[in-house]
Amino acid sequence: MENHTIVTLKKGEGRTIKAGGAWIFDNEIDTITGTFTNGDIVVVHDFDGYPMGRGFINQNSKIRIRMMTRKADQLIDDNFLRMRVQNAWDYRKQVMAGGNDNVSAAGETDTAGEACEAGIGRTGRPDLNCCRVIFGEADFLPGITVDKYADVLVVECLALGMEQFKVKIVELLKEVLAADGINIRGVYERSDANERKKEGLPKVKGFIGAEFDTNVEIVENAVHYMVDVENGQKTGFFLDQKYNRLAMQRICKGKRVLDCFTHMGTFALNAGIAGASEVTGLDISEYAVKQATENAKRNNLSDTVKFRVANVLDELPRLAADGEKYDVVILDPPAFTKSREATKNAIKGYREINMKGLKLVKDGGFLATCSCSHFMTQELLAKTVKEAARATHKRLRQVEFRTQGPDHPILWANSANVPESYYLKFFIFQVVDEK
């Protein structure tokens, strides 16, 4: 709720928000004038009284204030939230590639290779079947994300102050989508991440509104998936790799492909639909492999795309010992680090997995490798992969460097990007033996 509490920063502090970020940490605050309840909207002043905007406060969290607006006199009301939601949706309509329904003007089905990667596709419509429609701080709605899977929304709220706005944001988003002819049949909440504990919040999982079938079929890059928004990882599916998967289609036709940490089979199925001769997907989760196998059937790819349960770190050396070689190896591991303190050990993990992957790539083949941790910077990942190549006597030629999809925008500050919004780094290399 709104109140008249004023939070004043220490002299020389507030560097994050002065640079364009959205967070004020507990050690940056000098004084708090007025009374408040955790979650209230407060006014923030610099040390000299200069107004810096409004945000919600939470004394349970080291991130003491998350900024909602840079205007100190701006009311955080329904009109404000509608503006934020409308802006987020309008942005997606402009940046998401077209042609997701895979039907050309002549009524013929587009092949995967014909999918447009940027702008409006062959159908002349943006690809909004599945995408992230609200991405927290990068959409100036800190602490909340909303993903759209066909006609279902999945909400994740990780900040106490955003709890009071969560249902209203959902209602407004449904209205905004309805104005574009998109009717949402159900909303599911997946606020079950451990980060909630840092905010003094319990984990929450369940329906917002009426219950519905939580298995949802989506289409991405001409590939069909069944997404389980109730039990899948995160909000059910990793939407951020969409155009990276599409980029791999260009180099997988006729190739033998190994997809490591396959999850629901996403990279493997993109390789298969692009015409790969043989695709193997590995994942340690039996549930994930079962889902991936069903998705292969759904796309009539069961003959060429196979999945099996395996610990990738153990399986890759075994494959190398058996003399296996692949035209394309894809490494999409889970985040090896979720804290700055654990980054040193994470570097060892990334180096090890890339060394093992490189040994399986044929001379002249391709390696796709990535990190989804914002602590593993682009420079640090590049250095780590370079060390892995040196250790395995491989030469790398960079084909592409990519990040997360544009529906997960990277918020830039005055001198650099806001690191929490820039987390996915994705390299494609040609791998050449030293000769």
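Biologist: Which side chains does a polar contact of 2.7 Å join?

Modeller: Those of T262 and D259. A polar contact is a pair of N or O atoms within 3.5 Å; within protein, one must be able to donate a hydrogen and the other to accept it, and residues adjacent in sequence count only if both atoms are side-chain atoms. Keep in mind that this is a predicted model, where local features need pLDDT of at least 70 and side-chain atom pairs count only at pLDDT 80 or more, while totals for chains, interfaces and linings use all residues. Residues are numbered from 1 along each chain as its sequence is written, and side-chain values use heavy atoms, with hydrogens and water left out.

Biologist: Where is the place of T262, and is T262 buried or exposed?

Modeller: Helices (H or I, at least four residues) and strands (E, at least two) are DSSP runs, numbered from the N terminus. T262 lies in the loop between strand 14 (256-260) and helix 6 (266-273). Buried means under 20% relative accessible area, exposed over 50%, and partly exposed in between (1.4 Å probe, protein chains only). With a relative accessible area of 1%, T262 is buried. Contact means heavy atoms within 4.5 Å; leaving aside residues up to four places away in sequence, T262 touches A268, G281, L282, D283 and F307.

Biologist: G281 and F307 sound like strand residues. Which residue stands opposite G281?

Modeller: It is F307, in strand 16. In general, strands of a sheet pair through backbone hydrogen bonds, either parallel or antiparallel. Here, two strands pair if DSSP finds at least two bridges between them. Strand 15 (residues 278-283) and strand 16 run parallel, joined by five bridges.

Biologist: What is the order of the seven strands in this open sheet?

Modeller: The order is 16-15-14-17-18-20-19, with mixed pairing. Strand 16 (305-309) and strand 19 (394-402) are at the edges with a single partner strand each, so one side of each has no neighbour in the sheet.

Biologist: Which strands does helix 9 lie across?

Modeller: Angles run from 0 to 180 degrees between N-to-C directions, using axes fitted to C-alpha atoms, for helices over the stretch in contact. Helix 9 (residues 343-358) lies across strand 17 (326-331), strand 18 (361-371), strand 19 and strand 20 (425-433), at about 155 degrees to strand 18.

Biologist: And how many disulfides are there?

Modeller: A disulfide is a pair of cysteine sulfur atoms within 2.5 Å, and the count is zero. For C372, the nearest cysteine sulfur is that of C370, 6.7 Å away.
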